[in-house]
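Subject: The two-chain model, with notes

Hi,

Here is the model I promised to pass on. Could you open it before reading the rest?

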Amino acid sequence: MKNLVILGAGTSGTMMANHLVSKLPKKEWKITIIDQYKTHYYQPGFLFLPFDIYTSKQVKKKGAKFIPKSVRYIQEKIELIEPSKNKVLLEKGEELPYDILIIATGTKIAPEEIEGMDGPNWYKNIFDFYTYEGAKALRDKLREWEGGKLVVHITEMPIKCPVAPLEFAFLADSYFKNKGMREKVDITFVTPLGGAFTKPKATKALHYLLEEKGIKEVTDFNIERVDYENNKIIDYAETEVPYDLLVTVPTNMGDALIERSGLGDDLNYVPTHKATLQSKVHENIFAIGDATDLPASKAGSVAHFEAEILTENILRYIKGEPLKEDFDGHANCFIETGDGKALLIDFNYTQEPVEGTFPFPGVGPLQLLKESRTNHMGKMAFRWVYWNMLIKGIHIPFVSAQMSTKGKQIEQVES
Amino acid sequence: MKKVIGQKEIDVNEEGYLVDFKQWDREVCECIAGECNIVMTEKHWEVIEYIHDKHENQEPLSIRGIKKSGVINIKEFYQLFPGGPLKKATLIAGIPKPKSCI
């Protein structure tokens with residue numbers, strides 16, 4: 001009997017367990033998945049929780065519900081990965097040998113990386129919305145907040161779902177408008193990048209959103225510390241941005257397990273071949289989703305496309321065949337723009353988001369890089385798709401793992 | 001689009017970033033720096049070299065990376081490339097600027 005071990009039962013790990021259980025012969029392979037937490041969160045919902053659009057119940061379910069019965073599901077903290085011994089060590093001392101290991105331990109916020117961020121004002125007037133706890137605490141704060149300077153801030157890249165902070169700013173604009181207090185709130189978007197939008201096509205098509213909603217932009221802001229006593233964030237150029245309410249996306253880092261095991265880069269992400277998803281650590285270790293160092297977006301849709309390709313590559317690895325270099329960095333994301341509208345973007349490692357129709361060329365019904373109500377309905381419907389199809393490893397019709405260029409306004413790059 | 005930098009015609013994007021790194025050389029670099037009101041010193045070249053190494057290894061450039069680079073600290077980085085050091089240093093080094101997905 002051979003062992004395939006999956007570390008992490010989040011979006012990626014759960015998908016891989018579901019894909020592999022039907023592909024690996026049960027008499028030859030035993031699949032084990034390990035995660036210390038009992039709850040599976042619908043993380044895209046964390047964006048909506050602060051604005052009372054989703055309830056806390058809509059974004060969490062018991063993880064066990066989504067793990068196939070024939071897979072061994074261990075709820076325990078993982079102590080160490082030992083690649084030289086092909087073993088994983090659990091907190092209570094159990095040793096799990098593996099023939100193939102899949103690392104799907106995701107990414108976490110690390111507010112402790114910035115001085116003053118998670119100090120005495122953490123969850124008082126400084127919040128994150130990338131955790132269930134943060135999003136819920138922020139919801140309670142927003143319910144009673146009387147207005148002032150709202151600063152939406154990105155600490156450093158890469159972050160999970162790079163557009164979420166921008167969506168947060170857009171939704172905040174709608175939220176305060178609906179509460180009849182928009183004029184009491186000043187919204188500023190602060191980013192370490194050159195702009196809220198950084199790609200030429202998106203900047204051209206979308207910059208009006210910021211102007212229309214009266215959202216100010218502070219760019220190239222690399223935070224050094226939070227001065228929580230005087231309510232301002234300060235960057236290395238001594239630029240100061242004052243706030244009454246700071247909604248920040250702290251530094252994102254891979255799990256501490258990766259650091260303990262000596263398998264990660266500076267941010268604890270696992271060095272991974274970007275087209276095959278085999279780790280650069282060891283040939284029988286694969287990595288997927290937010291846990292990798294891939295130059296793709298850290299997003300559920302990326303993990304979903306990766307899962308289809310990784311499943312095939314694991315089967316190839318078992319047969320001793322060369323791995324398929326198929327992963328192209330494909331991502332497909334709905335972006336809430338507030339007032340019941342959303343955008344849709346579809347892109348990969350090399351192709352920036354462009355205008356067009358999706359998934360059917362020339363037909364749609366979804367419009368790329370343009371605001372519409374249909375796109376918003378797509379984003380809302382996605383919660384159902386997530387719980388009922390995506391993490392169960394059911395293929396989403398008409399959406400391929402590799403990006404399609406059909407129906408898109410792609411300009412040929414001059415050679 | 002094309003832009004004459006120094007004596008050469010170079011392919012750049014709408015923001016002036018080089019499209020083809022093969023067209024980069026020290027002269028091009030000094031000209032772009034000049035347009036940013038930066039005079040290249042020995043320290044600037046060390047930073048450019050570090051950035052090129054990162055780019056070659058396909059490692060993203062970040063302030064955190066600069067902190068650990070052993071070449072320069074963050075305050076010095078700001079002094080060498082005032083006003084958006086990552087944006088300016090990548091422009092001068094002839095590689096794409098750090099970006100997000102949109």
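Below is what came out of it, going chain by chain and ending with one helix.

First, a caveat: this is a predicted model, so please read everything here in that light.

Let's begin with chain A. Its secondary structure adds up to seven helices and 24 strands. The C-alpha trace spans about 65 × 55 × 45 Å along its principal axes. As for how it folds up, the radius of gyration is 22 Å, which agrees with the value near 22 Å that a compact globule of 415 residues would have. Buried residues account for 58% of the chain. If you take the contacts in chain A between residues at least 6 apart in sequence, 66% of them join residues at least 24 apart.

On the outside, chain A has an accessible surface of about 17,200 Å², with 49% of that belonging to carbon and sulfur atoms. There are 51 positive and 57 negative side chains, and the centres of those two sets sit 9 Å apart.

Now chain B. You'll find five helices and two strands here, and along the sequence they run β-β-α-α-α-α-α. The C-alpha trace covers about 35 × 30 × 25 Å along the principal axes. With 102 residues, a compact globule would come out near 13 Å in radius of gyration, and chain B agrees at 13 Å. Half the story is inside: 50% of the residues in chain B count as buried. Among contacts with a separation of 6 or more, 46% are between residues 24 or more positions apart.

The accessible surface of chain B is about 5,400 Å², and carbon and sulfur atoms supply 49% of it. Its 15 positive and 16 negative charges have mean positions 8 Å apart.

The helix to look at is H1 of chain B, residues 26-35. Which of its residues are buried? They are B:Val28, B:Cys29, B:Ile32 and B:Ala33. Viewed down the axis of H1(B), these buried residues fall within an arc of 135°, so they line one face of the helix. The spacing fits the usual rule: an α-helix has 3.6 residues a turn, so residues three or four places apart point the same way.

And what do the buried residues of H1(B) pack against? In chain B, their partners are strand S1 (2-5) and strand S2 (8-11), along with helix H2 (42-56) and helix H5 (85-93).

Over to you, and shout if anything is unclear.

Cheers

Technical notes:
Residues are numbered from 1 along each chain as its sequence is written. Chains are lettered from A and ligands numbered from 1 in the order in which they are written. This is a predicted model: local features need pLDDT of at least 70, side-chain atom pairs count only at pLDDT 80 or more; totals for chains, interfaces and linings use all residues. Side-chain values use heavy atoms; hydrogens and water are left out. Helices (H or I, at least four residues) and strands (E, at least two) are DSSP runs, numbered from the N terminus. The radius of gyration is taken over C-alpha atoms; the globule rule is 2.2 Å times the number of residues to the power 0.38. Buried means under 20% relative accessible area, exposed over 50%, partly exposed in between (1.4 Å probe, protein chains only). Contact means heavy atoms within 4.5 Å. Accessible areas come from the Shrake-Rupley method with a 1.4 Å probe; for residues, only the protein chains shown count as cover. Lys and Arg count as positive and Asp and Glu as negative; His and the chain ends are not counted. The place of a charge is taken as NZ of Lys, CZ of Arg, CG of Asp or CD of Glu. The arc is that of the directions from the helix axis to the C-beta atoms.
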